[in-house]
Amino acid sequence: MGKIDFQKTGFATRLIHEKKEISPARNAIGTPIYLAATFGVDSIQQMDDIKDGKEQGFLYSRMGNPTTKVLEDKLAALEGGEAAICTASGMGAVGSVLIGLLQSGDHVVAADAVYGGTDYALRCNLPLFGIQVSFVDICNPAEVEAAITDKTKLIYFETPVNPNMRIADIKAIADIGKRRGVKVAVDSTFAPPPIQYPLQLGADIVIHSTTKYLNGHGDVIAGAVISSLENITRFKYHASAMICGSPTNPFTSYMILRGLKTLHLRLERHCQNAMALAKFLETSEYVDRVFYPGLESHPQHETAKKQMRDGMYGGMLSFSLKEGIRGQTARQAVDTFLKNLTIPTLAPSLADADTLILHPATMSHRDVPAEAKRKAGITDGMLRVSVGLEYIEDIIADFRQALEKI
Ligand SMILES: Cc1ncc(COP(=O)(O)O)c(C=O)c1O
């Protein structure tokens, strides 16, 4: 395409077109934010070359954006995958995998406990597309294998599981997937690198709600999928860039790139604080059970020790209050406890610097059917804590005084 001679154009044309091309900002510490919706090309041939991957470049930000590409490449490298796509939310990532991979007549083997939104997608949305789902105890690989049929295309689970903190053996399930020709997707939101690496353990697909630890500051909603280039291309063209049209926006990508710089420091502290709070809760006379994979009392502690690295078990824990404390039902005890807590915020998210607390039965897992809740151990007395970065003695003191006031 030719160049405009600005000596000959009017003010409105100059306002729109006149600009100095910035030389590549190679030394910028923060990744530049490209808010452009579209990118010009010199010729139709060049557009074809970019589309075919013969030339690096961008055409339209729904299909690819320079800022988001930096994030995608970084996440692929961190997880040890070939490629990644970043989506508008964690559910966008979950949906991109489900819609991108499956078609009418297919079957999925899914964990009987997952994040409430994912549970809804599996239980209520997929059947509308003629896709059947069998729900299994994901901690029991034999049950997973037994549920596979000749129509099964995907095994889907989280580990640690939201909200009961159960641990699935990624390698054992990935081995089953390989043997039976079924893809394995792991939502690793609760334990991002450097805690666990599902692809290295044989999984095909890793999902993150990047809203959570990867960003880490509670100020964006976004998601990501990491896998082979072939899978990612499929998720993109069959789902995220097309029917769902839901990329991470460039400003959000920048925020996550910024958050990632301190991921390991934040995680170290989240893990230390969570372990200390879990140990304290185990000693409390008001607490029935504590679910934290780092505790020796956790039913899958040995699996956690094997696949979660360097003694890091994440910043998430759950616990249940005893029934009948001073004549109160578990739900009344929860209400009294929450009323007296001062540091945590009662809020439906996790992985922020701030400690967040949530009542799964009425919040994140509200729409999960009662029987499924029972199987997942989501009781009226259960609370989920995203342990923040505050001074741990303050968090423990706050939990202690609120427990004593039940
Ligand atoms: C394990 C897990 N996966 C996916 C999601 C969905 O993420 P988002 O809220 O970013 O859509 C959540 C949300 O809490 C989650 O906990």
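## Ligand surroundings

The ligand is surrounded by 14 residues (each with a heavy atom within 4 Å of it), the closest being Gly90, Met91, Asp187, Ser209 and Thr211. This is a predicted model, in which local features need pLDDT of at least 70 and side-chain atom pairs count only at pLDDT 80 or more, while totals for chains, interfaces and linings use all residues. Residues are numbered from 1 along each chain as its sequence is written, and side-chain values use heavy atoms, with hydrogens and water left out.

Side chains of serine 209, threonine 211 and lysine 212 make polar contacts with the ligand. A polar contact is a pair of N or O atoms within 3.5 Å; within protein, one atom must be able to donate a hydrogen and the other to accept it, and residues adjacent in sequence count only if both atoms are side-chain atoms. An N or O atom in the side chain of serine 209 is 2.8 Å from a ligand oxygen. For threonine 211 the corresponding distance to a ligand oxygen is 2.6 Å, and for a polar side-chain atom of lysine 212 it is 2.9 Å.

## Threonine 211

Threonine 211 sits in the loop between β6 (205-209) and β7 (223-227). Helices (H or I, at least four residues) and strands (E, at least two) are DSSP runs, numbered from the N terminus. Threonine 211 counts as buried because its relative accessibility is 7%; buried means under 20% relative accessible area, exposed over 50% and partly exposed in between, with a 1.4 Å probe and protein chains only.

The side chain of threonine 211 also reaches the backbone nitrogen of alanine 222, at 2.9 Å. Beyond four places in sequence, threonine 211 is in contact (heavy atoms within 4.5 Å) with Gly90, Gly216, Val220, Ile221, Ala222 and Ser349.

## Helices α4 and α8

Helix α4 (residues 90-101) and helix α8 (residues 229-240) have axes that come within 8 Å and cross at roughly 90 degrees. On the α4 side, Ser96, Val97, Ile99, Gly100 and Leu101 take part in the contact; on the α8 side, Arg234, Phe235, His238, Ala239 and Ser240 do.

## Aspartate 398

Aspartate 398 belongs to helix α14 (residues 392-404) and is buried, at 4% relative accessible area. The side chains of aspartate 398 and glutamine 401 are joined by a polar contact of 2.8 Å.

Threonine 342 is 56 residues from aspartate 398 in sequence, with 6.6 Å between their C-alpha atoms. Leaving out neighbours within four places in sequence, aspartate 398 contacts Asn340, Leu341, Thr342, Ile343 and Pro344.

Note on methods
Axes are lines fitted to C-alpha atoms, for helices over the stretch in contact, and angles run from 0 to 180 degrees between N-to-C directions.
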